[in-house]
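Hi everyone, thanks for making time. I'll put the structure up now, and then we'll walk through one helix and one interface together.

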Amino acid sequence: MSKKTPDALDTATTEIAPPSRWNIALKEMLGGSVVISILSVLSALVVGAILIAVTDPGVHKAVGYFAARPTSTFQAIWDSIFGAYSSLFQGSVYNFRRPEFATGIKPLTETLTFATPLIVAGLGVALAFRVGLFNIGGRGQMLIAAACAGYVGFTWQLPPVIHLIVAVLAGIIGGALWAGIVGVLKARTGAHEVIVTIMLNYIAFYLVSWMLRTQGFLQAPGSNNPKTAPILETAVMPKLLGPSYNLNTGFLLVIALTIFVAWLLSRSSLGFQFRAVGENPNAARFAGIRVDRMYIYAMLFSGGLIAVAGVIQVLGVVPAGFSSGIDAGIGFDAITVALLGRAKPWGVFFAGILFGAFKAGGFAMQAAEGIPIDIVLVVQSLIVLFIAAPPLIRALFRLPVPAGEPKPVSLRRPRVKAVTR
Amino acid sequence: MSQTTTPVTSTVVLKSWKAPIAFGIFTVVSFVIFILLNTGASTNFRLSTESDFIQLPAIDLPALGTGIFVTALLFAMTVLSFFFSNKGKSSPIWMISAFGFFFMVGFLTWAGADGSILIPGLLLGTVGLSIPLIFGALGGIISERVGVINIAIEGQLLAGAFVSAMVATLTGSPYLGLVSAMVAGMLVSFVLATFSVKYLVDQVIVGVVLNVLVLGLTSFLYSQVLSKNTAVLNSPPRFDRIDIPVLSQIPIIGPVLFRQTLIVYLMYIIVAVVAYALFKTKWGLRLRSVGEHPMAADTVGINVAATRFWNVALAGAIAGIGGAYFTLGSVGAFQKEMTAGAGFIALAAVIFGRWDPIRATLAALLFGFASNLQNVLSIIGSPVPSEFMLMLPYVVTIFAVAGFVGRVRGPAAAGKPYTKS
């Protein structure tokens, strides 16, 4: 990647002893991805805190008499930030205001409930990433999957367990085929998947919106609202921890799928071909891998996984019937989840739980402190931006640069030394 | 990020049957819909409003007669197109335009049967909806021509809309609002350029995340600050309409094109300047060379990183003007998510317009026409579900990138970071 500069050669020749192994290990850990990830989350939270403090009305009031009593300004700033983040924590992990453990832990189950579709959609995006494809079409794939699963869920009459399985499969097939369009177009015509997925998002949205207001497709019979009928009891995903918690069995499915994707990518022949194409499609072609087929398969898998998120939304989270907002932004959040998890299955799993916590806590924060939940979007996108640019974080925290890392490109023209005789 | 698998088509392609086949399909469609499915008696077209200088009489077109006439005309053009293709020539542009025009006449007559359609209103709405798309598309073209994929158009529009509303309200001057919108779009571009040019982060990832970031920031600040002080912060003055003396009295198109706000006139100038400068000036040549072959550009002494950085910034400023149109030109106050995907339609216009300013402007006008037609038809009660009209730009774009509408090829180095090795 980068050629050795004359300086590097000089130091190499004059170096006496190689650095100790511990030194190298420490350097790699500090410069490596784990520390970068943690610092990225921290930096994003700090920016979020600044935004909260700057827009807080209490702080504005206190700044008015800053000269008279400066301490109360700092007190107000502290109150606003502490109030926000403590309600974020209590809304996502454990609520200390509840007397018993059973009710106090409810926020954590809410976090997992929000995380469930995020993880599986993130897995779909991550899988496409590993093949070198950028699937921004999560929204469309989820909507189509929701439409298919929902249609089976409230019109077909089937025995309990079979009905649920059939509905889930219908959704997965729908989402996979919708994403498969992208794969086929990419393989056959070279159409860029980013453009096609963005466009298919809107097409799916308008298609589902139309079906939702058309009798015979998705609209509840005899209704005028663009909303479906409730899912039949036989197709609803059962609650995992009893009726007082919202967590549904979709979570188990998601854990199973995480294991499956991890196996697929690292242990299976297909996964090997996927990764080969992702690393270098030309080399993969020379090695005899059918690159165009891999694109189609990858999009089918990716769409199928994202479809599960749509299915869980319809059959698990809101079984009372859905409208066109059923995707709830998960299709886009999945991209950030996949990036935060560095496109590794278990990384995505924990990134999904973190973002689930942000969502659950964000709603609690909005209710308790009146801070708009949109702040969560800001924090999430900042996390991804910071993680995507390790040099920025290293520069901010003065971390050592690991060897072999490309240096940031300078905008200035390199200064050419004048030749003197 | 991924290699496309398009085989490079050679230049010796002699006969292209795409145009005549497409013509044939549309002719069949018009035969089925305009003649066989015709129900109404006649359609009333009003050509001028009461404030126009020259009054034109309203025209009544008989539905069936027009259908037959249009279909016959389209059929004749299809035959002519087959004739052209057989001789190895492509169908001339005037014929494609005429084909589109007559198909539209047939469509409007059929869809508006037994109703009345105000033509100047239809066109005025088209221009109104197209303005942000055109600015966004110009921003996209400049950015992609210099080699940075600009998915963040949506974010640039939204930032421009937000900041212009706030600044124009605070200062009471729409001109300052316009300038601040350019600055806001530029700031979004700075982030895009810093991350993609300096830190070599994947451009699509940065673009997607930036959209979320700007959406989160503006929504947060809107709910937390603007909506609480609407009178002080979010009631911007709007630009006045300016009549261009003689030109605004031309029937039909005069009021549409020359009785507009400053932003629209600015659009004419910027489109002309960009179209000229991109292909005829040193700046344009350097910009395109950096986007097509950065290494060659570097070899002849062009600073690739700086060229990319500053032109992406320029692109953001232009897109920012489009954002200002939302608040200072049409709606009048900022609302959450008010751009509603216009940035993505602008992206579609960039591709459909094959990275050419004039063609992209025409594409944006076409998309604006499609969405405005949907508005008009939903008022007079048309037989086409509005969702399908809204889907049109996206479907057309997929066809464009899949290569059905001529060969679409973007700048060769777009999306690829450049490092000196």
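Okay, so this is a predicted model, and I'd like to start with helix H2 of chain B, residues 63-86. How far apart should its ends be? With 24 residues at 1.5 Å a residue, H2(B) should span 34 Å, and the end C-alpha atoms are indeed 34 Å apart, so the two agree.

Now, which residues of H2(B) are buried? Among them are Ala63(B), Gly67(B), Val70(B), Leu74(B), Met77(B) and Phe84(B). There are also Thr and Ser residues on that list, including Thr66(B), Thr71(B) and Ser81(B). The cover over these buried residues includes helices H1 (18-36) and H3 (93-111) of chain B, plus strands E1 (42-46) and E2 (59-62) of chain B. And just past the end of H2(B), Gly88(B) has a positive phi, about 85°.

Right, on to where the two chains meet. Here 60 residues of chain A are in contact with 57 residues of chain B. Together the chains bury about 5300 Å², and 76% of that is on carbon and sulfur atoms.

What about charges? Between chain A and chain B we count two salt bridges. In one salt bridge, the side chain of Arg213(A) meets that of Glu387(B), with N to O at 2.8 Å. Several helices of chain A give two or more residues to its side of the contact, including H3 (33-55), H9 (160-189) and H14 (291-317). H10(A) gives the largest share, 13 residues. By class, chain A's side has 42 nonpolar, nine polar and nine charged residues.

Methods. Residues are numbered from 1 along each chain as its sequence is written. Chains are lettered from A and ligands numbered from 1 in the order in which they are written. This is a predicted model: local features need pLDDT of at least 70, side-chain atom pairs count only at pLDDT 80 or more; totals for chains, interfaces and linings use all residues. Side-chain values use heavy atoms; hydrogens and water are left out. Contact means heavy atoms within 4.5 Å. Buried area is the accessible area (1.4 Å probe) that two parts lose on being put together, summed over both. A salt bridge is a side-chain nitrogen of Lys or Arg within 4 Å of a carboxyl oxygen of Asp or Glu. Helices (H or I, at least four residues) and strands (E, at least two) are DSSP runs, numbered from the N terminus. Ala, Val, Leu, Ile, Met, Phe, Trp, Tyr, Cys and Pro count as nonpolar, Asp, Glu, Lys and Arg as charged, and the others, Gly among them, as polar. The expected span of a helix is 1.5 Å times one less than its number of residues. Buried means under 20% relative accessible area, exposed over 50%, partly exposed in between (1.4 Å probe, protein chains only).
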